[in-house]
Amino acid sequence: MDKDDTLLVGKIVGVHGMKGYLKVYSFDESIDLFERGRQIQLKSSSGVIKTVTVEDVQSYKNVLRVAFEGILDRTAAEALTGSELLLKRSELPEPEEGQWYWCDLIGLAVHGVDGTYLGHVENLFETGSNDVLVVKRGEEELLIPVTESIVCDVDFDEQKISVDLPEGLL
């Protein structure tokens, strides 16, 4: 993946209060992507993209409350509901050891520890306890839990993931 690729990092799901705060569902577990002063691209439901600057961010229940510069009232905020929030991949912090961004895993080949080709990562989803790789080979789909005991190695140079599947998963 090109480090200049633009990635979806959140979505505006509603408004909060009368002063222009937005409810943002973040696709990242940390609020750090929305730090004060960060410029984020906002893509409206009609496809128009503009750059906004974070003025304030707070955790609020299962979403973030975010204020952008220039969005001063509820009416202006309501017009942004449904918009997607985008950042360049190069602006994201490097993940910690043993962690990866989903976007970096999509497209990688998946092999068993014995070298057997199982398919390529088409998508991922979370279950609450762990993430799951959606691996496709032709019409076959294999769901592989992302756990330390199953995912043995992620090699970006070789563009592959090595997995040790428990009996019955294949």
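# Notebook: Asp 73, the barrel and an aromatic pair

**Entry 1. Asp 73.** I started at a side-chain contact: a polar atom of the Asp 73 side chain lies 2.8 Å from the backbone nitrogen of Ala 76. This is a predicted model, so I read each distance as a computed value. I then asked where Asp 73 sits. I found Asp 73 in the loop between β5 and α1, and α1 covers 74–78.

Next I checked cover. Is Asp 73 buried, partly exposed or exposed? Its relative accessibility is 35%, so I logged Asp 73 as partly exposed, since that class lies between 20% and 50%.

I also looked up what Asp 73 touches beyond its sequence neighbours. Leaving out residues up to four places away, I noted Met 18, Lys 19 and Gly 20. I took one C-alpha distance as well. Asp 73 and His 16 are 57 residues apart along the chain, and their C-alpha atoms are separated by 9.9 Å.

**Entry 2. The whole chain.** I stepped back to the overall layout. I counted two helices and 12 strands in the protein chain. Along the sequence I read the pattern β-β-β-β-β-α-β-α-β-β-β-β-β-β. The C-alpha trace spans about 60 × 30 × 30 Å along its principal axes.

I then looked at burial and surface. The chain has 170 residues, and buried ones make up 36% of them. The exposed area is about 10200 Å², and carbon and sulfur atoms supply 46% of it. For contacts with a separation of 6 or more, I found that residues 24 or more positions apart account for 48%.

**Entry 3. The barrel.** I traced the strand order next. Six strands make a closed barrel, in the order β1-β2-β5-β4-β3-β6, with antiparallel pairing. From one strand to the next the twist averages 50°.

I went through the pairings, beginning with β3 and β4. Strand β3 holds residues 39–43 and strand β4 holds residues 49–60. The two run antiparallel, and I counted five bridges between them. Which residue of β4 is the bridge partner of Gln 41? I found Thr 51. For Ile 40, the partner in β4 is Val 52. The link between β3 and β4 is a hairpin with five residues between the strands. In that turn I noted Gly 47, with a positive phi of about 95°.

I followed β4 to its other partner, β5. Strand β5 covers residues 63–68, and six bridges join β4 and β5 in the antiparallel sense. I checked one pair: Asp 56 stands opposite Ala 67 in β5. How many residues lie between β4 and β5 in their hairpin? I counted two, and Lys 61 in the turn has a positive phi of about 50°.

Then I turned to β6. Strand β1 (residues 6–16) and strand β6 (residues 84–88) are joined by five bridges and run antiparallel. Thr 6 stands opposite Lys 88 in this pairing. On the β3 side, I counted three bridges between β3 and β6, again antiparallel. Here Lys 43 stands opposite Glu 84.

**Entry 4. Ser 26 in β2.** I picked a residue in another barrel strand. Ser 26 belongs to β2, which holds residues 21–26. Is Ser 26 buried or exposed? Its relative accessibility is 13%, and the buried class is under 20%, so Ser 26 counts as buried. I listed what Ser 26 touches, again leaving out residues up to four places away: Val 9, Gly 10, Phe 34 and Leu 64.

I added a reminder for reading strand residues. In a regular strand the side chains alternate between the two faces of the sheet.

**Entry 5. Aromatic rings.** I searched the whole structure for aromatic pairs and found one. The pair is Tyr 25 with Phe 27. Their ring centres are 5.4 Å apart and the planes make an angle of 70°. Why is the pair edge-to-face? That label applies because the planes are over 60 degrees apart.

I finished with the accessibility of both partners. Tyr 25 has 34% relative accessibility, so I logged Tyr 25 as partly exposed. Phe 27 has 45% relative accessibility and also counts as partly exposed.

Notes. Residues are numbered from 1 along each chain as its sequence is written. This is a predicted model: local features need pLDDT of at least 70, side-chain atom pairs count only at pLDDT 80 or more; totals for chains, interfaces and linings use all residues. Side-chain values use heavy atoms; hydrogens and water are left out. Two strands pair if DSSP finds at least two bridges between them. Helices (H or I, at least four residues) and strands (E, at least two) are DSSP runs, numbered from the N terminus. Axes are lines fitted to C-alpha atoms, for helices over the stretch in contact, and angles run from 0 to 180 degrees between N-to-C directions. Buried means under 20% relative accessible area, exposed over 50%, partly exposed in between (1.4 Å probe, protein chains only). Contact means heavy atoms within 4.5 Å. A polar contact is a pair of N or O atoms within 3.5 Å; within protein, one must be able to donate a hydrogen and the other to accept it, and residues adjacent in sequence count only if both atoms are side-chain atoms. Accessible areas come from the Shrake-Rupley method with a 1.4 Å probe; for residues, only the protein chains shown count as cover. Rings of Phe, Tyr and Trp (its six-membered ring) pair if their centres lie within 6.5 Å; planes under 30 degrees apart count as stacked, over 60 as edge-to-face and the rest as tilted.
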